[in-house]
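User: I would like to learn how to read side-chain features in a model of this kind. Could you take me through them one at a time, with the general idea before the case?

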Amino acid sequence: MIMKNLKLVAPTFIASIFLIVHVISEDLSEAGIFRMDNRTGLLKNAKKHGKEAKKYSKKPKNAVKKSKNKARPDSCKDAVDPNTCYANRCLEAYNASGYNYLATTKFANWLNQDSVLEYAGAGIYTGVDGIAEYVNFFIDPLFYSSIEMVDTVENIQLISAKKDKCVILTADHERSVFNGVGIPVLGIPALTSGKTIDFVLGQKVEFQVRGDDDNNILIKQNDLYFPPGFATTLFSQGTLAIAEAFCKNIMFDKCPAVWKANFGTDYYPTDPSQNPCLGAFARIPPFEPPNDPTNASIDGNSIGCRLLHGSFAFQNDIHCPHISFTPISDEKGSIKCQTSQLKTIADSFTEEELEFMNAAAETFGLDNTLPFSGIQITA
């Protein structure tokens with residue numbers, strides 16, 4: 001992953017920090033630690049338990065590319081050490097691919113309509129367009145006055161390496177400065193203005209090396225890790241100003257049919273005490289469970305869910321049914337923001353994988369005290 005220092009107009013903010021490759025699947029008997037110079041894309045040797053780790057490098061630039069549709073020959077099948085061969089191939093392919101889950105304009109290079117992105121507590125998104133829409137919300141420059149990488153190396157841990165399935169963990173250090181504009185449509189100009197947030201952004205990526213070119217990978221599943229409490233920091237604000245912005249700017253102005261289905265009128269009350277939307281907004285919790293911000297979910301009948309989907313609806317009215325207080329199906333028959341799955345990061349990541357994220361937080365100099373490991377907010 002190669003990142004650049006970004007300002008408002010550049011919507012990528014995954015930073016690359018220390019690269020540590022641990023081969024921990026039962027198929028792989030030995031582990032090695034590697035450090036990658038992202039400027040050159042080369043993996044350099046490091047030592048672990050007195051053993052030299054094996055060097056990896058990209059294919060030569062003049063390597064002949066073949067059709068993506070051809071099945072990749074299993075060159076590792078007859079290798080002296082097939083397990084190491086598969087591990088090498090997975091790591092080389094991922095490194096060469098340049099995969100960046102925030103580079104939405106390039107998603108067709110790595111995803112197809114069956115690809116899945118999941119952020120436990122917020123939901124599951126599928127397909128190139130569905131995932132891009134979700135990710136674009138988080139990289140909207142309205143959020144940030146500056147987004148920068150903190151280092152040029154990232155932590156990577158190899159989980160599994162087989163012919164048709166590679167699984168890796170990554171952990172990056174992100175630093176974002178929220179701007180003074182905020183999200184006007186949601187009335188959040190002062191919520192996080194001027195604050196700097198350093199945090200661990202983790203991913204568990206399952207992919208397949210396809211075709212004959214090592215930089216040709218297909219992402220099948222990407223589970224995102226944000227520190228506990230990160231989502232609630234952004235989406236659990238229940239102030240009157242935010243409620244009024246949601247009710248007027250989104251539900252009434254952008255989703256009039258949903259407004260009428262909920263409140264039976266085409267009129268927006270100017271008196272807050274007579275506004276049924278403000279009353280409905282005030283009766284729902286910021287997240288679920290309402291008293292557990294560490295394991296908070298924002299995919300159910302909550303303020304967080306409606307702020308998230310309300311932001312989608314402001315750009316695309318296909319999401320209007322999702323913000324309804326009364327259950328309304330969308331064009332696909334789905335109902336959102338009614339019943340939470342109550343998923344936590346422990347549903348997507350094992351205890352060992354979470355320890356990896358916690359260790360990364362310590363490496364990055366962030367607070368690694370549970371339960372809010374890996375997030376640090378400064379004025």
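Analyst: Let us begin with a single residue: Lys-204 is buried, with a relative accessible area of 14%, where buried stands for under 20% relative accessible area, exposed for over 50%, and partly exposed for what lies in between, computed with a 1.4 Å probe on protein chains only. The model is a predicted one, in which local features need pLDDT of at least 70 and side-chain atom pairs count only at pLDDT 80 or more, while totals for chains, interfaces and linings use all residues. Residues are numbered from 1 along each chain as its sequence is written, and side-chain values use heavy atoms, with hydrogens and water left out.

User: With which residue does Lys-204 meet in a salt bridge?

Analyst: Side chains of opposite charge can pair when their charged atoms come close. The cut-off used here asks for a side-chain nitrogen of Lys or Arg within 4 Å of a carboxyl oxygen of Asp or Glu, and by this rule the count comes to 5 salt bridges. Lys-204 meets the side chain of Glu-353, at 3.0 Å from N to O. This pair links distant parts of the chain, since Glu-353 belongs to helix α9 and Lys-204 to strand β10 (residues 196–209), 149 residues apart; helices (H or I, at least four residues) and strands (E, at least two) are DSSP runs, numbered from the N terminus. Glu-353 is buried as well, its relative accessible area being 6%.

User: Are the partners in the salt bridge of Lys-260 and Asp-266 buried or exposed?

Analyst: Lys-260 is partly exposed, at a relative accessible area of 42%, and Asp-266 is exposed, at 57%; their side chains meet at 3.6 Å, N to O. In another salt bridge, Asp-253 joins Lys-248 with the closest N and O atoms 3.1 Å apart, where Asp-253 counts as partly exposed at 40% relative accessibility and Lys-248 likewise counts as partly exposed at 30%.

User: Over the face of which ring does Lys-204 lie?

Analyst: A charge sits over a ring if NZ of Lys or CZ of Arg is within 6 Å of the ring centre and within 35 degrees of the ring normal. Lys-204 lies over the face of Phe-349, at 5.4 Å from the ring centre, and Lys-254 lies over the face of Phe-314, at 4.8 Å from the ring centre.

User: How should I read aromatic pairs, and how many does the count come to?

Analyst: A pair of aromatic rings is described by the distance of the centres and the angle of the planes. Rings of Phe, Tyr and Trp (its six-membered ring) pair if their centres lie within 6.5 Å, with planes under 30 degrees apart counted as stacked, over 60 as edge-to-face and the rest as tilted. The count comes to 15 aromatic pairs by this rule. In one of these, Tyr-225 and Phe-349 are edge-to-face, 6.0 Å centre to centre with 85° between the planes. Tyr-225 lies in strand β11 (residues 217–225) and Phe-349 in the loop between α8 (303–315) and α9 (351–363), 124 residues apart, and both are buried.

User: What separates Trp-259 and Phe-263?

Analyst: Trp-259 and Phe-263 are separated by about one helical turn, because they stand 4 residues apart in helix α6 (residues 256–263). Their rings are edge-to-face, 4.8 Å centre to centre with 65° between the planes, and Trp-259 is buried, with a relative accessible area of 1%.
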